[in-house]
Amino acid sequence: MKEILKKTLPVNMVNHISVVKTYFRLRKETILQMKRFARSYAKRTSCKKEHIETHIIFLTHQIEKGLSHRNFRYGFGMKVIKQLAVLLPKLRQIDEEYSDNEVYRMAIAALHHYKTKHEDEHFDLSNVQSCFDEQTWHDISKEDSNYGGVLTIEAKDKTKNASLTFPKLMENRHSIREFADEQVTAEEIIPAIEMAMRTPSVCNRQPTRVRIITDQAILPKVMKLQGGMNGYPIPPAMILVTADNQAFMDSIERNEGFVDGGLFSMSLLLALESIGLAACPLNTMMTIDRENETRHLLGVPDNEFLVMYIAVGHFPEKILAPISYRFKAKDIISII
């Protein structure tokens, strides 16, 4: 019957019916996707091991970023520390092998760096220590490893990036949040974008769009709306990566722009590293009001959605960066 109708009805009517069906399927699939996310995301009230680990990783990264600040503020992060002081004992209760738990060790190592950096300057940590139980503070005191904390990045080590092997380029790339005072031009960034154009996309439809922002009057407004680099200097340049929904043809492709845009963005990060520019990916997870302000500020039309920002600049002579410990490949692999 379906095939008969396709043959007998006018083409315009068949196309119209298809559009209506796609709309209702999109609505249904989006609701199902929303419900799946709602069942799975790491709620603050959850006692599930994976959820507790998610919050610990997030908070650990806050500590590492604070440790990496060029203008270090002693005694920072008490709100984060108080949350970790609650979550770490919870993880110990759930995981009997917590001493080998990489998430636990990430947090403990970052807090160890926090402790030693303050103690080296004879800063009073009694207020911090009082937040933790005896076991956690003992673990913090003895965990001297590379699971968490900061490392030093030097500009002189980036001069030969273009000749590095891919594994070395991947290994040496770190997110840099504070840059040299030197300005960055669009002309310096474009060669990296040209390299990233080799990134694959669904059926070669290439939905990614890129905006390079170097206007010193606009950058502070962009950073305020983005909200993820509070406390850091305004970067010399920002890149906004978007995806154009006009490149997609069906409801099942509704998330493809995030996939293609994410692939492009990783290629771009590596390309920037290869030409000796420092960069840091920044999310575009914002309220509708902030998104609308961003669209108005940067001229992003309704048919594009925001994928991510990338802060760009020249490497300073020397800078600290979070270790951001990575799981081992075997920890995330399932062989079917």
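This section describes the overall make-up, nonpolar cores, internal cavity and two buried charged residues of a predicted model.

The protein contains 12 helices and 6 strands. Its C-alpha trace extends over about 85 × 50 × 40 Å along the principal axes. Of the 336 residues, 43% are buried. When contacts between residues at least 6 apart in sequence are considered, 81% of them link residues at least 24 apart.

The largest nonpolar core comprises 27 residues, and within this core Ile56, Ile63, Leu88 and Phe132 have the most contacts. At least two residues of the core are supplied by each of H3, helix H4 (78-94), helix H5 (102-120) and helix H7 (134-142). The largest share, 8 residues, is provided by H4. The surroundings of Phe132 include contacts with Ile81, Leu84, Ala85, Leu88, Leu111, Trp137 and Ile140, residues up to four places away in sequence being left out of this list. Another core, of 23 residues, lies apart from the largest one; Leu219, Met229, Met286 and Phe315 are among its members.

A single class of internal space was also examined. The structure holds 1 cavity of 30 Å³ or more, and the largest cavity encloses about 50 Å³ of space. Its lining is formed by Ser68, Ser175, Ile176, Arg177, Glu178, Tyr232, Ile319, Leu320, Ala321 and Pro322. Strand S6 (residues 318-322) makes the largest contribution to this lining, with 4 residues.

Two charged residues were found to be buried without a salt bridge. The first to be described, Lys65, is located in helix H3 (residues 49-68). Lys65 is buried, and the nearest side chain of opposite charge, that of Glu64, is 9.4 Å away. Because a salt bridge requires a side-chain nitrogen of Lys or Arg within 4 Å of a carboxyl oxygen of Asp or Glu, Lys65 is left without one. Beyond residues up to four places away in sequence, Lys65 touches Arg177, Gly228, Tyr232 and Pro322. Among these contacts, Arg177, Tyr232 and Pro322 also belong to the lining of the largest cavity.

Asp260, in turn, lies in helix H11 (residues 256-274). This residue is likewise buried and has no salt bridge, with Arg205 as the nearest side chain of opposite charge, 7.1 Å away. The contacts of Asp260, again without residues up to four places away in sequence, are with Pro200, Ser201, Val202, Pro207, Thr208 and Phe248.

Terms used:
Residues are numbered from 1 along each chain as its sequence is written. This is a predicted model: local features need pLDDT of at least 70, side-chain atom pairs count only at pLDDT 80 or more; totals for chains, interfaces and linings use all residues. Side-chain values use heavy atoms; hydrogens and water are left out. Buried means under 20% relative accessible area, exposed over 50%, partly exposed in between (1.4 Å probe, protein chains only). Lys and Arg count as positive and Asp and Glu as negative; His and the chain ends are not counted. Contact means heavy atoms within 4.5 Å. A nonpolar core is a set of buried Ala, Val, Leu, Ile, Met, Phe, Trp, Tyr and Cys residues joined through side-chain atoms within 4.5 Å. On a 1 Å grid over the protein atoms alone, a cavity is a set of points where a 1.4 Å probe fits but cannot get out, and a pocket is an open set with protein on both sides within 12 Å along at least five of seven lines; lining residues have an atom within 4 Å of a point. Grid points are joined across faces, edges and corners, and a volume is the space filled by probe spheres set on the points.
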